[in-house]
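Work through the exercises below with the sequence and the 3D view at hand. Try each task before reading its solution.

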Amino acid sequence: QVQLVESGGGLVQAGGSLRLSCAASGRTFSSYYMAWFRQAPGKEREFVASISWNAGSTYYASSVKGRFTISSDNVKNTVYLQMDTLKPEDTAVYYCAARRDIVPNYNHWGQGTQVTVSS
């Protein structure tokens with residue numbers, strides 16, 4: 001069974017940085033896509049970034065491109081989200097997600113970690 005455990009959230013001032021981690025277990029993830037989503041209060045969950053575990057190809061939402069970087073450590077089975085130049089509108093619960101490359105939708109989710117950016 002796939003397990004995803006996020007960590008690294010917290011409170012930071014606007015312009016600051018945070019790094020989120022997602023520890024994955026329960027599978028061999030070489031054929032998986034990993035992603036970060038976020039959900040702000042009163043809003044729908046939205047895509048932030050994704051990475052192909054095998055190829056390392058990445059994709060970003062336009063709202064975070066150039067500020068956030070997704071990466072993976074295949075030895076530690078961990079995916080990271082480096083968030084720089086944070087803005088108050090980045091405040092949300094951030095979720096790690098996973099899917100096999102043959103599955104169209106993300107179907108494994110972590111519990112989420114809160115990120116709060118103060119102005």
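The exercises that follow deal with charged pairs, aromatic rings and one sheet in this predicted model.

**Exercise 1. Salt bridges**

Task: Find which side chains form salt bridges in the structure, and state how they are linked.

Solution:

Step 1. Begin with the general idea: side chains of opposite charge can pair when their charged atoms come close.

Step 2. The structure contains three salt bridges. One joins E46 to R38, with 2.6 Å from N to O. Another joins R38 to D90 at 2.9 Å, N to O. D90 also meets R67, where the N to O distance is 2.8 Å.

Step 3. Put the pairs together: R38, E46, R67 and D90 are linked in a network of salt bridges.

**Exercise 2. Places along the chain**

Task: For the salt bridge between R38 and D90, and for the one between D90 and R67, state where the partners lie along the chain.

Solution:

Step 1. The side chains of R38 and D90 meet in a salt bridge. R38 belongs to strand 4 (residues 32-39), while D90 lies in the loop between strand 8 (78-83) and strand 9 (92-100). They are 52 residues apart, and the pair links distant parts of the chain.

Step 2. The side chains of D90 and R67 form a salt bridge. R67 is in the loop between strand 6 (58-60) and strand 7 (68-73), 23 residues from D90. This pair, too, links distant parts of the chain.

**Exercise 3. Buried or exposed?**

Task: Decide whether E46, R38, D90 and R67 are buried, partly exposed or exposed.

Solution:

Step 1. The cut-offs needed are these: buried means under 20% relative accessible area, exposed means over 50%, and partly exposed is in between.

Step 2. R38 has 6% relative accessibility, so R38 is buried. D90, at 1%, is buried. R67 is buried as well, at 11%.

Step 3. E46 has 36% relative accessibility and therefore counts as partly exposed.

**Exercise 4. Aromatic rings**

Task: Classify the ring pair of F29 and Y32 and the ring pair of F47 and Y59.

Solution:

Step 1. The whole structure has six aromatic pairs. In the pair of F29 and Y32, the centres are 5.1 Å apart and the planes stand at 70°, an edge-to-face arrangement. Both F29 and Y32 are buried.

Step 2. For F47 and Y59, the ring centres are 5.9 Å apart and the planes are at 35°, so this pair is tilted. F47 is in strand 5 (residues 46-52) and Y59 in strand 6, twelve residues apart.

Step 3. F47 has a relative accessible area of 25% and is partly exposed. Y59, at 56%, counts as exposed.

Step 4. Ring pairs join F37, F47, Y59, Y106 and W109 into a cluster. The face of Y106 also has R99 over it, 5.2 Å from the ring centre. Over the ring of Y95 sits the charged end of R45, 4.1 Å from the centre of that ring.

**Exercise 5. An open sheet**

Task: Give the strand order of the open sheet made of four strands, and say which strands stand at its edges.

Solution:

Step 1. The order is 1-3-8-7, with antiparallel pairing.

Step 2. Strand 1 (3-7) and strand 7 are at the edges; each has a single partner strand, so one side of each has no neighbour in the sheet.

Step 3. On average, neighbouring strands of this sheet are turned by 15° against each other, direction ignored.

Step 4. Strand 1 and strand 3 (residues 18-25) run antiparallel and are joined by five bridges. S7 stands opposite S21 in strand 3.

Note on methods
Residues numbered from 1 in each chain as written. Predicted model: local features only at pLDDT ≥ 70, side-chain atom pairs only at ≥ 80, totals over all residues. Heavy atoms only, no water. Salt bridge = Lys/Arg side-chain N within 4 Å of Asp/Glu carboxyl O. Buried < 20%, exposed > 50% of the residue type's maximum accessible area, 1.4 Å probe, protein only. Helix = DSSP H or I, 4+ residues; strand = E, 2+ residues; numbered from the N terminus. Phe/Tyr/Trp six-rings, centres within 6.5 Å; stacked < 30°, edge-to-face > 60°. Lys NZ or Arg CZ within 6 Å of the ring centre and 35° of its normal. Pairing = 2+ DSSP bridges. Axes fitted to C-alpha atoms, helices over the stretch in contact; angles between N-to-C directions.
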